[in-house]
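User: I am new to this structure and would like a close look at how its strands are paired. Please go through the strands one group at a time, and then say what packs on them.

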Amino acid sequence: MEIHTVTEGATEFTCNAYLLDGPDPVLVDAGTMPGVESVVAEHVDDLDAVYLTHQHRDHVGELDAVLDRFDADLYAFDDHPRRTAGLEDGQTVDLCGEPYEVVYTPGHAEDHVAFVGEERVFSGDVVVYNDGAFDDGSFGRTDLPGQSRERLIGSLETLLDRLPDTVAALYAGHGDVYRADPAGENDSVREVIERALERAERREPKYPDE
């Protein structure tokens with residue numbers, strides 16, 4: 001299986017949308033980049049499903065275009081007019097032939113989930129590697145209406161509790177993909193998340209304008 005960041009060439013603000021290219025290809029989030037459906041089509045002829053980490057606009061802006069192009073199923077935690085089925089905490093979903101646990105991770109968004117597999121985690125915005133605020137373990141902003149730093153802290157703790165030690169890659173909603181070195185020459189994904197948690201627990205503003 002290959003994983004493509006299909007919003008990589010975006011010139012507007014968007015999330016990272018990840019195409020899992022293999023048996024029954026799926027897309028994790030859709031982003032806001034116009035033409036993202038055409039980028040997906042450069043890699044696959046069909047798309048089985050789209051899985052949403054949450055429904056902030058930067059993650060769903062081009063969702064209709066993707067669903068219209070491929071007639072794909074839609075899986076989301078919260079209601080959506082085009083949702084095929086819901087997601088529940090603790091549920092196991094099949095992403096391109098591999099099992100992932102759905103972990104409910106609110107705080108940045110009320111409907112936020114992460115997808116945790118044996119080798120990688122698709123974390124949405126609950127935790128990222130770098131985002132301009134921190135470069136080696138950061139977390140989603142919590143200063144806007146409907147967000148909560150306390151709930152996000154709890155979500156990071158939950159994610160750590162349910163993260164297999166075999167996870168070696170972090171595919172976040174923003175910033176770079178993080179891959180741990182098999183030889184242990186850089187931080188593990190767990191250590192990156194622990195660092196994000198420690199920073200969140202300071203309860204200090206993440207950005208100067210907060």
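Analyst: **Strands and their partners**

In this predicted model, the bridge partner of tyrosine 75 in S6 is alanine 85. Strand S6 covers residues 85–86 and is joined to S5 by two bridges, with the two strands running parallel. Tyrosine 75 belongs to S5 and also stands opposite tyrosine 51. That second pairing is part of the contact between strand S4 (residues 49–51) and strand S5 (residues 73–76), which pair in the parallel sense over three bridges.

Further along the chain there is an open sheet of six strands. Read across, its order is S7-S8-S9-S10-S13-S14, and the pairing is mixed. The edges are strand S7 (92–95) and strand S14 (178–179); each has a single partner strand, so one side of each is left without a neighbour in the sheet.

At the S14 edge, the partner is strand S13 (residues 169–172), joined to S14 by two bridges and running antiparallel to it. One residue match can be named here: alanine 169 has arginine 179, in S14, as its bridge partner.

Two helices are placed against these strands. Helix H5 (residues 189–201) packs on the sheet and touches S10, S13 and S14. The direction of helix H5 makes about 50° with that of S13. Helix H4 (residues 149–161) lies across strand S8 (98–104), strand S9 (113–116) and strand S10 (120–124). With respect to S8, helix H4 runs at about 150°.

Strands S8 and S10 are also linked through side chains. A pair of aromatic rings is described by the distance of the centres and the angle of the planes. Taking rings whose centres lie within 6.5 Å, the model has nine aromatic pairs. One of them is formed by tyrosine 100 and phenylalanine 122, with 5.8 Å from centre to centre and 55° between the planes, which makes the pair tilted. Tyrosine 100 sits in strand S8 and phenylalanine 122 in strand S10, so this pair ties together parts that are 22 residues apart in sequence.

Last, the open space. The largest pocket has a volume of about 330 Å³. It is lined by 17 residues, and those closest to its centre are Phe13, Asp125, Arg141, His174 and Tyr207. By type, the lining of the largest pocket is made up of five nonpolar, seven polar and five charged residues.

Note on methods:
Residues numbered from 1 in each chain as written. Predicted model: local features only at pLDDT ≥ 70, side-chain atom pairs only at ≥ 80, totals over all residues. Heavy atoms only, no water. 1 Å grid on protein atoms, 1.4 Å probe; cavity = no way out; pocket = protein on both sides within 12 Å on 5 of 7 lines; lining within 4 Å. Points joined across faces, edges and corners; volume = space filled by probe spheres on them. Nonpolar A, V, L, I, M, F, W, Y, C, P; charged D, E, K, R; others polar. Pairing = 2+ DSSP bridges. Helix = DSSP H or I, 4+ residues; strand = E, 2+ residues; numbered from the N terminus. Contact = heavy atoms within 4.5 Å. Axes fitted to C-alpha atoms, helices over the stretch in contact; angles between N-to-C directions. Phe/Tyr/Trp six-rings, centres within 6.5 Å; stacked < 30°, edge-to-face > 60°.
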